[in-house]
Amino acid sequence: MFFLIYINDLPNIIADPSKLILFADDTSIIITNPNASKFKEDINNIIDNINDWFKGNALSLNFDKTYFLQFRPRNNYEINVKISCDNKLIKETKNTKFLGMGTDSSLSWKNHIDQMMIKLSRACYAIRYVKHFMSQDTLRTIYFLHFHSILSYGIIFWGNSTYNSNIFKIQKRVIRIIMNARNRDSCRQLLKNIKILPLKLQYIFSLLLFVAKNRDLYESNSEIHNSNTKFSSDLHTPTANLTTFQKGPFYLE
């Protein structure tokens, strides 16, 4: 599985020209370069090196499961890339699933959210089906087991997407079911009464947890400059022109 990235801002963020990600029996390669010609050259060199390593270890690529995805901003042109290995072309795709996260070439998270809506709707139906036999505390437990676990997974990536309002609608629906409220009742007080965070606050809370657990990935203003200001202990916001990056966890800390 190959991920090809061409984003002008990335060289300032990721120093290495390529990254190798291994998970179980999946191998993913991230390649970045702002220069189109050098980008293609890097791709061919890295693919050749990987293929040589596979052959040296008595392994081979499964071409039915090997493909590449070119990440790029919507206003950037797509680079025409042909990738071959052992005289076989590697297929290109516009979206894929990686560690349970549906990603597409523009990182809009639309495909991921569409799949989430199907799973959350099923969980919502299940809670509606058992609500007459369960107490409110039990329904709350079921919510966290079958609904919240889906909603919170990877939320630091897709939580700021323009499509997240669809998820919030389903969350409000399931809260009204648990609280036995009418379809048009406001969920603000219902969420407080049942002590469940709405989608937006869950997103912020998950971001804070991510930063706290990965503090070493961030720099403070005092590490960037020597000026002793009241903001010197605040986390430094990296320079980035891409809206896609500005919506990510490394910018919205």
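This is a short tour of selected residues in a predicted model, moving from one aspartate to the aromatic rings and then to two cysteines.

**Stop one: Asp104**

Begin by selecting Asp104, which you will find in strand E9, a strand that covers residues 101–104. Is Asp104 buried or exposed? Its relative accessibility is 7%, and because buried means under 20%, Asp104 counts as buried. Now show the side chains of Asp104 and Ser108, which are joined by a polar contact of 2.9 Å. Keep the side chain of Asp104 in view and add the backbone of Trp109, whose nitrogen lies 3.4 Å from a polar atom of that side chain. If you then look beyond the neighbours within four places in sequence, the residues in contact with Asp104 include Leu69, Phe71, Lys94 and Asn95, as well as Trp109, Lys110 and Asn111.

**Stop two: Trp109 and Phe157**

Stay with Trp109, and turn to its ring. How many aromatic pairs does a search of the whole structure find? The search finds four, and one of them brings together Trp109 and Phe157, whose ring centres are 6.3 Å apart and whose planes stand at 40 degrees, so this pair is described as tilted. Trp109 belongs to the loop between E9 and helix H3 (110–130), while Phe157 belongs to helix H5 (residues 155–158), so the pair ties together parts that are 48 residues apart in sequence. Colouring the two residues by accessibility would set a buried Trp109, at 12%, beside a partly exposed Phe157, at 40%.

**Stop three: Tyr143, Phe144 and Phe147**

Next select Tyr143 and Phe144, where the ring centres are 5.3 Å apart and the planes lie at 85 degrees, so the pair is edge-to-face. Tyr143 has a relative accessibility of 0% and counts as buried, whereas Phe144, with a relative accessible area of 31%, is partly exposed. Add Phe147 to the selection, and you have one aromatic cluster formed by Tyr143, Phe144 and Phe147.

**Stop four: Lys110 and Tyr163**

Return to Lys110, which appeared among the contacts of Asp104, and show Tyr163 with it. Lys110 lies over the face of Tyr163, at 6.0 Å from the ring centre.

**Last stop: Cys124 and Cys187**

Finish by selecting Cys124 and Cys187. Cys124 is buried, with a relative accessible area of 2%, and Cys187 also counts as buried, at 5% relative accessibility. A disulfide is a covalent bond that links the sulfur atoms of two cysteines. How many disulfides does the structure hold? The number is zero, so no pair of cysteine sulfur atoms in the model lies within 2.5 Å.

Methods: Residues numbered from 1 in each chain as written. Predicted model: local features only at pLDDT ≥ 70, side-chain atom pairs only at ≥ 80, totals over all residues. Heavy atoms only, no water. Helix = DSSP H or I, 4+ residues; strand = E, 2+ residues; numbered from the N terminus. Buried < 20%, exposed > 50% of the residue type's maximum accessible area, 1.4 Å probe, protein only. Polar contact = N/O pair within 3.5 Å; in protein donor to acceptor, adjacent residues only side chain to side chain. Contact = heavy atoms within 4.5 Å. Phe/Tyr/Trp six-rings, centres within 6.5 Å; stacked < 30°, edge-to-face > 60°. Lys NZ or Arg CZ within 6 Å of the ring centre and 35° of its normal.
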